[in-house]
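This report walks through a single protein chain, from its sheet to its core. Keep the sequence and the 3D view open while reading.

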Amino acid sequence: MTFAKYRLGEDVEVSGTLTGLGDQKGRVTEIVYDKLSSQFFYNVQCGEDRHYAQERFVSTVQKLNEGT
């Protein structure tokens, strides 16, 4: 069984390679699994922009001073 790396509502960063606008921070609003390619795709809301990204273009947001 395959599980998504990120969860709905999780804060993530979408790569500038995909957006063409630099890295953008946003929140996962939808997760879709494509059986044909065996990949997860994430719909990420970044302010007024929305990006439909493969898992490889999404990463966790690095938080400064985590744990302090």
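Which residue in β2 is the bridge partner of V12? The partner is G26. The model behind this report is a predicted one, and V12 is a good place to start reading it.

**Strand β1 and its two neighbours**

V12 sits in β1, which spans residues 11-14. On one side, four bridges join β1 to β2, residues 24-34. These two strands run antiparallel. On the other side, three bridges join β1 to β5, residues 58-60. This pair is antiparallel too. In β5, V12 has T60 as its bridge partner.

β1 has two faces. V12 and V14 form the covered face. D11 and E13 form the uncovered one. A general pattern is worth recalling here: side chains in a regular strand alternate between the two faces of the sheet.

**Overall layout**

The protein chain holds one helix and five strands. Reading from the N terminus, the order is β-α-β-β-β-β. The chain has 68 residues, and 29% of them are buried. About 5000 Å² of the chain is exposed. Carbon and sulfur atoms supply 48% of that area. Take the contacts between residues at least 6 apart in sequence: 37% of them join residues at least 24 apart.

The five strands form an open sheet. Its order is β4-β3-β2-β1-β5, with antiparallel pairing. β4 and β5 are the edge strands, each pairing on one side only. From one strand to the next, the twist averages 45°.

The pairings can be set side by side.

| Strand pair | Bridges | Sense |
|---|---|---|
| β1 and β2 | four bridges | antiparallel |
| β1 and β5 | three bridges | antiparallel |
| β2 and β3 | seven bridges | antiparallel |
| β3 and β4 | six bridges | antiparallel |

**Strand β3 and its hairpins**

Why is β3 described as largely enclosed by the rest of the structure? Six of its eight residues are buried, so the description fits. The cut-off for buried is under 20% relative accessible area.

Bridge partners show how β3 is placed. Q45 in β3 is the bridge partner of R27. N43 in β3 stands opposite E30. N43 also stands opposite Y52 in β4.

Both hairpins of β3 contain a residue with positive phi. The hairpin of β2 and β3 has four residues between the strands, and S38 there takes a phi near 55°. The hairpin of β3 and β4 has two residues between the strands. In that hairpin, G47 takes a positive phi near 65°.

**The nonpolar core**

Nonpolar side chains tend to be buried together in soluble globular proteins. Here, the largest nonpolar core has 11 residues: Y6, V12, V14, V28, F40, Y42, V44, C46, A53, F57 and V58. β1 and β3 are the elements that give two or more residues to this core. β3 supplies the largest share, four residues.

V14 gives a close-up of this region. Beyond its neighbours within four places in sequence, V14 is in contact with T19, G22, D23, Q24, V44, C46, H51, A53 and F57. Among the core residues are V44, C46, A53 and F57.

**Two polar residues: Q54 and K5**

Is Q54 buried or exposed? Q54 is buried, because its relative accessible area is 16% and the limit for buried is under 20%. Q54 lies in β4, residues 49-54. Its side chain makes a polar contact with the side chain of Q39, at 2.9 Å. Leaving aside neighbours within four places in sequence, Q54 is in contact with Q39, F40 and F41. Of these, F40 belongs to the largest nonpolar core.

K5 offers the opposite case. K5 is in the segment before β1. K5 counts as exposed because its relative accessibility is 57%, and exposed means over 50%. Even so, K5 has contacts with residues elsewhere in the sequence. Apart from neighbours within four places, K5 is in contact with E10, Y42 and E55. Y42 is one of the core residues. K5 and V58 are 53 residues apart along the chain, and their C-alpha atoms are separated by 9.6 Å.

Note on methods
Residues are numbered from 1 along each chain as its sequence is written. This is a predicted model: local features need pLDDT of at least 70, side-chain atom pairs count only at pLDDT 80 or more; totals for chains, interfaces and linings use all residues. Side-chain values use heavy atoms; hydrogens and water are left out. A nonpolar core is a set of buried Ala, Val, Leu, Ile, Met, Phe, Trp, Tyr and Cys residues joined through side-chain atoms within 4.5 Å. Buried means under 20% relative accessible area, exposed over 50%, partly exposed in between (1.4 Å probe, protein chains only). Contact means heavy atoms within 4.5 Å. A polar contact is a pair of N or O atoms within 3.5 Å; within protein, one must be able to donate a hydrogen and the other to accept it, and residues adjacent in sequence count only if both atoms are side-chain atoms. Two strands pair if DSSP finds at least two bridges between them. Accessible areas come from the Shrake-Rupley method with a 1.4 Å probe; for residues, only the protein chains shown count as cover. Axes are lines fitted to C-alpha atoms, for helices over the stretch in contact, and angles run from 0 to 180 degrees between N-to-C directions.
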